[in-house]
Amino acid sequence: MKKAILLLIFLLIPLASALEYGTDSADQSWTTITFDQSFATRPVVFTQVNSDNDADFTVTRLRGVNTNQFQVRLQETTYDDGVHASEDLAWLAVEVNEVGIARSVRLRQNDPSFFRPFNIFNGFSSTPYFFSQMQAFRNGQPTQTDVRNISDAGFEMRLEETSDMNGIHPREVVGFLAFEDFADAEYDMVSVNTSWVSVSFSETYASVPSVLASVNSENEGDTVSVVVRDVTETGFEIKLLEDPGFDGTHLAEDVSYLVLGEVAESLNVAIVDTGSSGISYIESALQGEGHSTTLISFSNVASDLDSSYDLIVYPGGQTGVDAVLYNQYPGMIGAIQDFVDDGGDYIGICGGAIVGSDGFVYNGLDVTGYTYQLDLLDVEATWYSDWSYYVGNMANLNFNVVMVHDVLDDALGAIGLDYAGGPTLSSGSVDIVVEYNDELVDVGYDLTGDGALAVGSYGAGQVVLSSFHPEYNDQDILIGFVDWVSL
């Protein structure tokens, strides 16, 4: 994760970075993509469509590549109508030799079948990953680069027009990138034919990354393009699409792919085993984001909760409440307090919000002086035994977001959230982000205006106390809690 953060910071420093990447939209019209910086020298640009909104075969053409911007369009063959639906287009701009060997050459195609050899590599210990693309638009015939015999010494390349053209093409500027290592990025080689292949990333990304791909072999001479679709934070699908002038099937080719994006921070999360049915949902949600989870029993919290963990989640459940209120496991309370004070984070859900508070009103009586709590936030939790009805009868209640706060990604207004017998929360010093906007009809309590989500800090750690249960049907909110405490 440190490498991904460094790369992101690197890209935001004006005039300092020698590469930049992103994802924009492109169709058959020329689209200008402007860099966030001004390069010191003209970069080499590589692109790849990252969606499959239109099935027609296309090649991607560039023009006007300079230190500030480039133009791009999707070009169909004359077999189709020339109009192409907007696609997501990933792109990379890199200065010459900033990564591996990156440069531009000039190439013309007098003989459609001739491959020009380039024996120009040095320093590679094995066959590198290879990307190439035309950088100019000196002729309007649909054309792309075609490579073969890539080795640690060089490669062979030609300009490949689509089958509706004569295969002869005037001089164009062609860029290529060859590397064995690409810092702060994920890359690999995959064997691909005309059937979809699923590729899983080795990392989970904080948002959908940019995927570049390039054919690195010539096992069959028919013209193909690489199609990438369904790019998510965890993977993508890829296949070859043949030029419509051929039979539509193609032998498998070696395809290099490069993934550029911010890797999601992987947290080591301790979950207290309160017996809550929500624990499996919490584990699934966190693991789906690339986090590691460990279920810790009450008796082991004092011995096992240490600085190897980034976050502790305390789910609901009566046994979890009693474990703290009656100090049933000496040492557990102090261990959690020390963990958060030293910079660990805490998320308490339902019963976990009760025990994370520093005051407790039970059935209308203030019992703070007679019970134990974690005292993580200056929050008073109120709970009536009648509310336990909802433990086995979870309801989706209306809640009102009353404060713009990053813990909910700046959401405002009324939202429906799962309630299973949680407390109300009140404070004069801590942010109350969400309030009840409903009543407990089945037990006759109107909670409108009472607090349901409190956030704050304890020592060096961040704390979230949630009366409602986001883990069942609102896991994006739970992940929002995790993202906020880990900032």
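Which residue in E6 does threonine 47 stand opposite? In this predicted model, the residue across from threonine 47 is tryptophan 91 in E6. That pairing is a handy place to start, since several other features meet around it.

Take the sheet first. Strands of a sheet pair through backbone hydrogen bonds, either parallel or antiparallel. Here there is an open sheet of three strands in the order E1-E6-E3, and its pairing is antiparallel. E1 and strand E3 (44-49) are the edge strands, each with a single partner, so one side of each has no neighbour in the sheet. On average, neighbouring strands of this sheet are turned by 20° against each other, direction ignored. Between E3 and E6, which run antiparallel, there are six bridges.

Another open sheet of three strands has the order E2-E5-E4, again with antiparallel pairing. This time E2 and strand E4 (58-63) stand at the edges with a single partner strand each, so each is left with one side lacking a neighbour in the sheet. Its neighbouring strands are turned by 30° against each other on average, direction ignored. E2 and E5 are joined in the antiparallel sense by four bridges, and threonine 32 has glutamine 71 in E5 as its bridge partner.

Now for the rings. The structure holds 33 aromatic pairs. One of them is made by tryptophan 30 and phenylalanine 137, an edge-to-face pair at 5.0 Å centre to centre with 85° between the planes. This pair links distant parts of the chain: tryptophan 30 is in the loop between strand E1 (19-26) and strand E2 (31-34), while phenylalanine 137 is in the loop between strand E9 (129-134) and strand E10 (143-148), 107 residues apart. Tryptophan 30 counts as partly exposed because its relative accessibility is 24%, and phenylalanine 137 is partly exposed with a relative accessible area of 24%.

Tryptophan 91 turns up again here, with phenylalanine 70 as its partner: the ring centres are 5.7 Å apart and the planes are at 70°, so the pair is edge-to-face. Phenylalanine 70 sits in strand E5 (residues 69-76) and tryptophan 91 in strand E6 (residues 87-94), so the pair ties together parts that are 21 residues apart in sequence. Both phenylalanine 70 and tryptophan 91 are buried.

Rings also meet charges. Over the ring of tryptophan 30 sits the charged end of arginine 73, 5.8 Å from the ring centre. Likewise, the charged end of arginine 229 sits over the ring of tryptophan 196, at 3.8 Å from its centre.

Further along the chain, strand E18 (residues 253-260) has seven of its eight residues buried, so the strand is largely enclosed by the rest of the structure. Strand E13 (residues 186-192) runs antiparallel to E18, with seven bridges joining them; aspartate 188 has tyrosine 257 of E18 as its bridge partner. Strand E15 (residues 210-215) is also antiparallel to E18, through six bridges, and serine 214 is partnered there by serine 256.

What about the nonpolar interior? The largest nonpolar core has 76 residues, and Tyr314, Ile336, Tyr346 and Phe481 have the most contacts inside it. Helix H8 (residues 475-485) supplies the largest share of this core, seven residues. There is also a second, separate core of 19 residues, with Val199, Val211, Val228 and Leu240 among them. Phe481 shows up in an aromatic cluster too, together with Tyr389, Tyr390, Phe399, Tyr419, Tyr436 and Phe468.

Helix H4 (residues 318-325) has Gly320, Val321, Ala323, Val324 and Leu325 as its buried residues. These pack against helix H3 (298-304), strand E21 (311-314), helix H5 (332-341), helix H6 (351-356) and strand E23 (359-362). Just after H4, asparagine 327 takes a positive phi of about 45°.

Finally, serine 486 lies in the segment after H8. With a relative accessible area of 21%, serine 486 is partly exposed, because buried means under 20%. Serine 486 is 143 residues from glycine 343 in sequence, yet the two are 9.9 Å apart in space, C-alpha to C-alpha. Apart from its neighbours within four places in sequence, serine 486 is in contact with Glu265, Leu267 and Asp345.

Technical notes: Residues numbered from 1 in each chain as written. Predicted model: local features only at pLDDT ≥ 70, side-chain atom pairs only at ≥ 80, totals over all residues. Heavy atoms only, no water. Buried < 20%, exposed > 50% of the residue type's maximum accessible area, 1.4 Å probe, protein only. Helix = DSSP H or I, 4+ residues; strand = E, 2+ residues; numbered from the N terminus. Pairing = 2+ DSSP bridges. Phe/Tyr/Trp six-rings, centres within 6.5 Å; stacked < 30°, edge-to-face > 60°. Lys NZ or Arg CZ within 6 Å of the ring centre and 35° of its normal. Core = buried A, V, L, I, M, F, W, Y, C linked by side-chain atoms within 4.5 Å. Axes fitted to C-alpha atoms, helices over the stretch in contact; angles between N-to-C directions. Contact = heavy atoms within 4.5 Å.
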